[in-house]
Amino acid sequence: MSSAELTPQQLAEACSASMHERDHAAQALGMEIVEVKPGYARLTMTVRKDMLNGHNMCHGGMIFALADTAFAHSCNTYNKVTVASGCNIEYAAPGFEGDVLTAESVERTRSGRTGVYDITVTNQDGKELALFRGKSYQIKGSVLPESE
């Protein structure tokens, strides 16, 4: 079945699975895809001891990596290679060893080659740990081979 024959939901899931298969960083951090839809992704990651900073809290870079990965999955659901053109993050609360972090990425707008996505990172209790906004830019290429 070619990518053109897939429903938007099937295309989103296939793009996400394909990206995750090649994303060795996300795999090494133990990220898991929970849900993906066109313009949306939810990923989880459990905070391990090797992810803690000198204050015994989850390193901000690990939280950023989870948010950034959810952002990538949500903006690549249309089978157009899309990269970050900019982003920012605001940390609201710390994460700790054993916490299960969830990053939920929601498309706010997409027009032409650009888009804006809001990502919220929470812990297993639903407490907001970080707010991330990503701006996307579509470049040449497709996530899935066009003839797949």
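What follows walks through the sheet, the helix across it, the ring contacts, the cysteines and a few backbone oddities of this structure. The model is a predicted one.

The sheet makes a handy starting point. Six strands form an open sheet in the order β1-β2-β4-β5-β6-β3, and the pairing is antiparallel. At the edges sit β1 (32-37) and β3 (82-91); each has a single partner strand, so one side of each has no neighbour in the sheet. Going from one strand to the next, the twist averages 20°.

Moving inwards, β4 (residues 100-111) and β5 (residues 114-122) run antiparallel and are joined by nine bridges. Two of the residue pairings can be picked out here: Val106 has Asp118 of β5 as its bridge partner, while Glu107 has Tyr117. The two strands make a hairpin with two residues between them, and Gly112 in that turn takes a positive phi of about 60°. On to the next pairing: β5 and β6 are also antiparallel, over nine bridges. Here Tyr117 turns up again, standing opposite Gly134 in β6. This pair of strands is a hairpin too, with five residues between them and with Gly126 in the turn at a positive phi of about 85°. As for solvent, β5 sees little of it, being mostly covered: seven of its nine residues are buried.

Helix α3 comes next. Its residues are 60-75, and the helix lies across β1, β2 (40-46), β3, β4, β5 and β6. Relative to β2, α3 runs at about 150°.

The aromatic residues bring helix and sheet together. There are three aromatic pairs in the structure. In one of them, Phe71 and Phe132, the ring centres are 5.9 Å apart and the planes meet at 55°, so the pair counts as tilted. Phe71 belongs to helix α3 and Phe132 to strand β6 (residues 128-138), so this pair ties together parts that lie 61 residues apart in sequence. Both of these phenylalanines are buried. The ring pairs also go beyond this couple, linking Phe64, Phe71, Tyr117 and Phe132 into a cluster. Tyr117 of that cluster is the residue already met as the bridge partner of Glu107.

Charges sit over rings as well. Arg110 lies over the face of Tyr78, at 3.5 Å from the ring centre. Likewise, Lys37 is placed over the face of Tyr40, with 4.6 Å to the ring centre.

What about the cysteines? A search of the whole structure turns up zero disulfides. Cys58 is in none, and the nearest cysteine sulfur, that of Cys87, is 17 Å away. For Cys87 the closest cysteine sulfur is in Cys75, and at 11 Å that is too far for a bond. The surroundings of Cys58 and Cys87 can be set out too: Cys58 is buried, with a relative accessible area of 6%, whereas Cys87 counts as partly exposed at 33% relative accessibility.

Cys58 also leads to Gly95, found in the loop between β3 and β4. Leaving aside neighbours within four places in sequence, Gly95 is in contact with Met57, Cys58 and Leu129. At 0% relative accessibility, Gly95 counts as buried. Leu144, by contrast, is 49 residues from Gly95 in sequence and 35 Å from it in space, C-alpha to C-alpha.

Finally, the backbone. Most residues other than glycine have a negative phi. Asn56, though not a glycine, has a positive phi near 65°, and Asn79 likewise has a positive phi near 65°. Asn56 is in the loop between β2 and α3, and Asn79 in the loop between α3 and β3. Is each asparagine buried or exposed? Asn56 is exposed, with a relative accessible area of 51%, but Asn79 is buried, with a relative accessible area of 5%.

Note on methods. Residues are numbered from 1 along each chain as its sequence is written. This is a predicted model: local features need pLDDT of at least 70, side-chain atom pairs count only at pLDDT 80 or more; totals for chains, interfaces and linings use all residues. Side-chain values use heavy atoms; hydrogens and water are left out. Rings of Phe, Tyr and Trp (its six-membered ring) pair if their centres lie within 6.5 Å; planes under 30 degrees apart count as stacked, over 60 as edge-to-face and the rest as tilted. Helices (H or I, at least four residues) and strands (E, at least two) are DSSP runs, numbered from the N terminus. Buried means under 20% relative accessible area, exposed over 50%, partly exposed in between (1.4 Å probe, protein chains only). A charge sits over a ring if NZ of Lys or CZ of Arg is within 6 Å of the ring centre and within 35 degrees of the ring normal. A disulfide is a pair of cysteine sulfur atoms within 2.5 Å. Two strands pair if DSSP finds at least two bridges between them. Axes are lines fitted to C-alpha atoms, for helices over the stretch in contact, and angles run from 0 to 180 degrees between N-to-C directions. Contact means heavy atoms within 4.5 Å.
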